[in-house]
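Here are my notes on the model you sent over, point by point. Have the structure open while you read.

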Amino acid sequence: MRAALRLLASAATGTVRPSTRFLKPGSPTGLTGLGTHPSPRSALLYLYNYTLDKLKQIPEHSLYRQSAEAVTKHRLAIVEQFVPDGYDAWQERARKLLEKHKGDLTARQFDGQHARLAEGPDGRVYFIRQMLTPRDWRDVEWDGAVLDPHFSWVQTGDEKVTVPFGPEEVEKLPDAIRTADRELHELSANREADPDAIRTADRKLHELYANWEKEDPDAFRTFFRELAIKAGGIVAEKSPVEWESEPPLSAEQIAEMEARLGSGLIEEVVQVAEGELKLVDIMAKAKPWEALEEQAPEGQWTYFERKQ
């Protein structure tokens, strides 16, 4: 699928469907569950620079730091060589917008919750958007936890914010959900209740919430947005400034970058970079460069040595 889309993009020249020169964000890549990344260049710049900055906490004599820095700097140099058309003009517009509205752009979160501006260790300003995948509770396996009708949680990025369900919020729920909520609470309070009955009641409540979202999505989103605002998980107002996204790389540029990086699709490269950034913290905590508390007996690894 991805190869076919790229052939179409490469074939588009001049005035013949110029929009197909670019890969559509979210379109299939040919790998299950992995969609086309909306801005792989800026994502890799952000991840690689943060990785290099975090590696500074590891001693210079560490072989892990030396190898990780070498690989990251090599990939960063490749990514920096690819610049989208119109980048200089966009950068100038973005700079002026940032200087004029820096307070609004940094103090508030875009779209209420899922985007923000942040300054990276390389001095660049990055527009960070969290792409959240909607979850259908009917497809989520019950883990034994029971939802207390007086509390709920609102997903805000990677964190869960606990929000109390007061009388005012309960009144805004549909009648069927209020009834199912009360039944689940009564079963949970009963120590002798059948676990299967609690599980059934919990699944029923999740199904009712899913149906509410499907039948009246506006009311569903408004209800949980108000809860999130009450908990401080999101801001009540959107930023008054519209941020212009960085121009995208063409399909040909993406293909050439992938070939030079030699690590599969650019989306896979981004995932690897995310994992490498997380690994730095794990290695810093484990400190594998330090001497072992219990030294290995002399000659234990002689058999595995590489000899000329």
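1. Where do Arg65 and Glu69 lie, and how many residues apart are they? Both are in helix α3, 4 residues apart, or about one turn of the helix. Their side chains form a salt bridge, with 3.0 Å between the closest N and O atoms. Arg65 has a relative accessibility of 10% and Glu69 has 17%; because the cut-off for buried is under 20%, Arg65 counts as buried and so does Glu69.

2. Before going further, a word on confidence, since this is a predicted model. The mean pLDDT of the protein is 75, and 67% of the residues reach at least 70. Helix α3, residues 63-80, has the highest mean pLDDT among the elements, at 94. So the pair in point 1 sits in the element with the highest mean, going by where the two residues lie and by the element averages.

3. At the other end is strand β3 (residues 151-156), whose mean pLDDT of 38 is the lowest among the elements. Over residues 107-113 the score is below 50 as well, and the model gives this stretch 26 contacts beyond near neighbours in sequence. Residues 145-163 also stay under 50, with 50 contacts in the model beyond four places in sequence. Where pLDDT is low, the predicted coordinates should not be read in detail. I'd treat both of those contact counts with that in mind.

4. On the overall layout, the protein has 10 helices and 4 strands. Reading from the N terminus, the order is α-α-α-α-β-β-β-β-α-α-α-α-α-α. Of the 308 residues, 33% count as buried. Taking contacts between residues at least 6 apart in sequence, 66% of them join residues at least 24 apart.

5. Back to charged pairs: the count of salt bridges comes to 9. One of them joins Asp281 and Lys54, at 2.7 Å from N to O. This pair links distant parts of the chain, with Asp281 in helix α10 (residues 266-286) and Lys54 in helix α2 (residues 40-54), 227 residues apart. Are the two partners buried or exposed? Neither label applies: Asp281 is partly exposed at 35% relative accessible area, and Lys54 is partly exposed at 27%.

6. Another salt bridge pairs Glu92 with Arg95, and the closest N and O atoms there are 2.3 Å apart. The two residues are in helix α4 (residues 87-107), 3 residues apart, about one turn of the helix. Glu92 is partly exposed, with a relative accessible area of 32%, and Arg95 is partly exposed too, at 36%.

7. Last, the packing of helix α9 (residues 251-261) on α10. Their axes come within 9 Å and cross at roughly 55°. That makes α9 oblique to α10, because the angle falls outside the ranges for roughly parallel (under 35 degrees), roughly perpendicular (65 to 115) and roughly antiparallel (over 145). Which residues meet there? From α9 they are Ile254, Met257, Glu258 and Leu261, and from α10 they are Ile266, Glu267 and Val269. By type, the contact has 5 nonpolar residues, 2 charged and no polar ones.

Conventions:
Residues are numbered from 1 along each chain as its sequence is written. This is a predicted model: local features need pLDDT of at least 70, side-chain atom pairs count only at pLDDT 80 or more; totals for chains, interfaces and linings use all residues. Side-chain values use heavy atoms; hydrogens and water are left out. pLDDT is the predictor's confidence in each residue, from 0 to 100. Contact means heavy atoms within 4.5 Å. A salt bridge is a side-chain nitrogen of Lys or Arg within 4 Å of a carboxyl oxygen of Asp or Glu. Buried means under 20% relative accessible area, exposed over 50%, partly exposed in between (1.4 Å probe, protein chains only). Axes are lines fitted to C-alpha atoms, for helices over the stretch in contact, and angles run from 0 to 180 degrees between N-to-C directions. Ala, Val, Leu, Ile, Met, Phe, Trp, Tyr, Cys and Pro count as nonpolar, Asp, Glu, Lys and Arg as charged, and the others, Gly among them, as polar.
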